[in-house]
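Hi everyone, thanks for coming. I'd like to walk you through one protein chain today, so please have the picture open in front of you.

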Amino acid sequence: MLFSPRDEEDIIEAIRQAEAMSTGEIRVHLDQNLTGDALATAQSLFTKLGMEKTKDRNGVLFYVSENKKKIAVIGDVNIHKYVHQSFWDGLLKEITFSFKKDNYKEGLINAILKTGTKLKKFFPRDGKNIENELPNEISR
């Protein structure tokens, strides 16, 4: 396991902070048993977790394979059209760099908060009380 129970609490708090800035939805999925491609697995999970059903189609999934130490990030169509692939590629580089230094929690939290900042720019709350459409808990 890459994350302790305390680390997971901190990750969930980062999700709350990032979502508080926008109408966006962020999820983290931890997988102990990746056998194939992380990106393909994340794309399949995105749908299984119902992330494409958010009102603004601005959900973001961070998929972490704990057994292979691989990560994939999937952004729904509306956030992707604003930030483009270069944003996701940059995030992956930063996370990968942190993972190589065994800074798993910090790398993931920084990426979540950076994503929240982008979501705020393109999907601000504007004082609206927005319903949390997806759970903040880490899925497995």
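Let's begin with the largest pocket, which has 16 residues lining it. Lying nearest its centre are Leu 39, Gln 43, Val 73, Ile 74 and Gly 75. Keep in mind that what we're looking at is a predicted model.

Which elements give two or more residues to this lining? They are α2 (38-48), β3 (70-75) and α3 (77-100). The most comes from α3, which gives 6 residues. As for volume, the largest pocket has about 250 Å³. And the character of its lining? We count 9 nonpolar residues, 5 polar ones and 2 charged ones.

Now please move over to strand β2, residues 59-65. Is it buried or exposed? Mostly covered: 7 of its 7 residues are buried. You can check this face by face. On one side, Gly 59, Leu 61, Tyr 63 and Ser 65 are buried, and on the other side so are Val 60, Phe 62 and Val 64.

What does β2 pair with? One partner is β1 (residues 25-31), in the parallel sense, over 7 bridges. Look for His 29, which stands opposite Tyr 63 in β2. To get from β1 to β2, the chain passes through α2, and this β-α-β crossover is right-handed.

Strand β2 also pairs with β3, here in the antiparallel sense, over 6 bridges. Try finding Ser 65 and its bridge partner in β3, Lys 70. The hairpin of β2 and β3 has 4 residues between the strands, and Lys 69 there takes a positive phi near 55°.

That's my tour, and I'm happy to take questions!

Definitions and conventions:
Residues numbered from 1 in each chain as written. Predicted model: local features only at pLDDT ≥ 70, side-chain atom pairs only at ≥ 80, totals over all residues. Heavy atoms only, no water. 1 Å grid on protein atoms, 1.4 Å probe; cavity = no way out; pocket = protein on both sides within 12 Å on 5 of 7 lines; lining within 4 Å. Points joined across faces, edges and corners; volume = space filled by probe spheres on them. Nonpolar A, V, L, I, M, F, W, Y, C, P; charged D, E, K, R; others polar. Buried < 20%, exposed > 50% of the residue type's maximum accessible area, 1.4 Å probe, protein only. Pairing = 2+ DSSP bridges. Right-handed = clockwise from strand over helix to strand, strands pointing away.
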